[in-house]
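Here are some notes for a colleague who is opening this structure for the first time. Please read them with the model in view.

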Amino acid sequence: MNRIGVTGHRSIPQEVHAHVLAAMRAALSGFDGSVEALSSLAVGADQIFADLALAHGAELTAVIPSRDYEACFADGAELARYRSLKARAAREVQLDYAHSTDEAYYAAGAYIADHCDRLLAVWDGLPARGLGGTGDIVTYARGLGRPVTVIWRDGVVRS
């Protein structure tokens, strides 16, 4: 089974969105045989990837950073989308953190990097804004020797 993980920004500028979709589709269709997709199902890149992976026929593994993870979703629509994706996951990995802290997010990203064959990173190339951010997980994955595909458009800055 081919295992593809994702890390990425929660906020993706509109001018990058179509590029992100196309690159994720290409990555998912570039594998022969069955695919396992690993995602923490956060808003933004994680949910986009999970949706596309499921549409591609991949088995979704939801990596949940903490027991109170649902509290980090800003509104009912975000929470509903998270719950819908989580319900469609073939597997769920619940990390042993009580609260959604930076350490929990880092652990979830590290788990994904540890368990994938390739990591897709929807990343602007800038340092993480807090422990466990996309830049940290890219650095961690590269330190493992994991292939990382960075998806972004040059010249686009996220808010």
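**Notes on helix α2 and its surroundings**

1. In α2, the buried residues (buried meaning under 20% relative accessible area with a 1.4 Å probe, protein chains only) are A45, D46, Q47, I48, F49, A50, L52, A53 and L54. Because nine of the eleven residues of α2 are buried, this helix is largely enclosed by the rest of the structure.

2. The model is predicted, so local features need pLDDT of at least 70 and side-chain atom pairs count only at pLDDT 80 or more, while totals for chains, interfaces and linings use all residues. Residues are numbered from 1 along each chain as its sequence is written, and side-chain values use heavy atoms, with hydrogens and water left out.

3. The buried residues of α2 pack against β1 (2–8), α1 (14–29), β2, β3 (59–64), α3 and β5 (118–122), where helices (H or I, at least four residues) and strands (E, at least two) are DSSP runs numbered from the N terminus.

4. Helix α2 (residues 45–55) packs on helix α3 (residues 76–88) at an angle of about 40 degrees, with the axes 11 Å apart. The contact (heavy atoms within 4.5 Å) is made by Q47, I48, A50, D51 and L54 of α2 together with E78, R81, Y82, L85 and R88 of α3.

5. Just after α2, G57 takes a positive phi of about 95 degrees.

6. E36 is found in strand β2 (residues 35–39), and at 12% relative accessibility this residue counts as buried. Leaving aside neighbours within four places in sequence, E36 is in contact with M1, N2, R3, I4, E59, T61 and R91.

Notes: Buried means under 20% relative accessible area, exposed over 50%, partly exposed in between (1.4 Å probe, protein chains only). Axes are lines fitted to C-alpha atoms, for helices over the stretch in contact, and angles run from 0 to 180 degrees between N-to-C directions.
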